[in-house]
Every structure is written in structure tokens, then in C-alpha cells.
Amino acid sequence: MRLAKTLLLLTIVFANFAFLAPLQEITIKTASHCDHFDVCETGKQRLEKQLMLTSGIKQVNIDSKTMLISVKYNPKRITPEKIRKVISQAGYDADDVKADPKGVEQLDECCKK
């Protein structure tokens, strides 16, 4: 009985490791024309929130001086292309992906191009 419980526990533990993928990191260039991006209601906090609510994204860091976004993500759940699309839908450029006009409409005037 004890051996069966131990084997069951080991099976569950190893099965969980099979689903874990090592995180990858990507850095994406964006732009903001807002002089107070860090505290603007539609700036940094909103963009970070939208990224963090996206399945597969585990960590986000936005450097408002260089306008580089570092994203740690699970490659089994999301791709770099989808990450860029989320940024675009939030109203910001993401490398060569231009900001979605519908997302830009949601930004405060100070954040629009």
C-alpha cells in the first residue's frame, strides 16, 4: 500500500514537470510620446496590466527611458508575435508591428502620436 502511494505521488510529480516549459524572454521596442508615461492612466501601468493578463506571460518590465519592454513568457502558451499583437492592441508600436488604431483611440491625448 505504501509503495503504491509513493509510486502514485512520483507519477504525479513527474507528470507536472513534463508540462512545465522553461520561460523565454523577449525585448520589444515601443514608443510613447507622453512626457509622463510612468504615471499616465493609459501609459505604463495600463500596458503592463494588459500584458500580465495575457495567458502565458509571466513577467513584464517596461523601461520608460529606453521604451524597451522585457517580457518573460511560456513559449508553449504564447508566441512573440502574439505578445507584439497585445502591445499593438493596447495602442503602442511593438517592434515592426504598428499600433492598432482602435487601441490608439483608447489612449489619453498625451499618449497619442
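**Exercise 1. Work out whether Arg84 is buried or exposed, then find its charged partner and say where the two sit.**

*Step 1.* Arg84 has a relative accessibility of 17%, so it counts as buried. The cut-off to keep in mind is that buried means under 20% relative accessible area. Bear in mind, too, that you're looking at a predicted model.

*Step 2.* Now look for the partner. The side chain of Arg84 meets that of Asp95 in a salt bridge, with 2.9 Å from N to O. That passes the test, because a salt bridge needs the nitrogen within 4 Å of a carboxyl oxygen.

*Step 3.* Place both ends: Arg84 belongs to helix H3, while Asp95 is in the loop between H3 and H4. They are eleven residues apart, and the pair links distant parts of the chain.

*Step 4.* Check the accessibility of the partner. Asp95 has a relative accessible area of 33%, so Asp95 is partly exposed.

**Exercise 2. How many salt bridges does the structure hold, and which residues make the one with Lys44?**

*Step 1.* The count is two. Here's the general idea: side chains of opposite charge can pair when their charged atoms come close.

*Step 2.* Lys44 meets Asp38, side chain to side chain, at 3.8 Å from N to O.

*Step 3.* Sort the two by accessibility. Lys44 comes out at 18%, so it counts as buried. Asp38 comes out at 36%, so it is partly exposed.

**Exercise 3. Find the aromatic pair and decide how its rings are arranged.**

*Step 1.* Searching the whole structure turns up one aromatic pair. Its rings belong to Phe37 and Tyr92, with centres 5.8 Å apart.

*Step 2.* The ring planes stand at 80 degrees, so the pair is edge-to-face. The cut-off used here is over 60 degrees.

*Step 3.* Where do Phe37 and Tyr92 lie? Phe37 is in the loop between E1 and H2, and Tyr92 is in the loop between H3 and helix H4 (101-105), so the pair ties together parts 55 residues apart in sequence.

*Step 4.* As for accessibility, Phe37 and Tyr92 are both buried.

**Exercise 4. Put the strands of the sheet in order and see which helices lie across them.**

*Step 1.* The open sheet has three strands, in the order E1-E3-E2, with antiparallel pairing. Strand E1 (24-29) and E2 are the edges, since each pairs on one side only. On average, neighbouring strands are turned by 15 degrees against each other, direction ignored.

*Step 2.* Zoom in on E2 (residues 57-63) and E3 (residues 68-73), which share six bridges. Across them, Ile62 faces Ile69, and Val60 has Val71 as its bridge partner.

*Step 3.* Follow the turn. E2 and E3 make a hairpin with four residues between them, and Met67 in that turn has a positive phi of about 55 degrees.

*Step 4.* Add the helices. H2 (residues 44-52) lies across E2 and E3, at about 160 degrees to E2. H3 (residues 80-89) lies across E1, E2 and E3, at about 40 degrees to E1.

**Exercise 5. Where is the prediction's confidence highest, and where is it lowest?**

*Step 1.* Start with the overall picture: the mean pLDDT is 88, and 82% of the residues reach 70 or more.

*Step 2.* Confidence is highest in H3, at 98, and lowest in helix H1 (residues 2-19), at a mean of 61.

*Step 3.* Where pLDDT is low, don't read the predicted coordinates in detail.

Technical notes. Residues are numbered from 1 along each chain as its sequence is written. Side-chain values use heavy atoms; hydrogens and water are left out. Two strands pair if DSSP finds at least two bridges between them. Helices (H or I, at least four residues) and strands (E, at least two) are DSSP runs, numbered from the N terminus. Axes are lines fitted to C-alpha atoms, for helices over the stretch in contact, and angles run from 0 to 180 degrees between N-to-C directions. Contact means heavy atoms within 4.5 Å. Rings of Phe, Tyr and Trp (its six-membered ring) pair if their centres lie within 6.5 Å; planes under 30 degrees apart count as stacked, over 60 as edge-to-face and the rest as tilted. Buried means under 20% relative accessible area, exposed over 50%, partly exposed in between (1.4 Å probe, protein chains only). pLDDT is the predictor's confidence in each residue, from 0 to 100.
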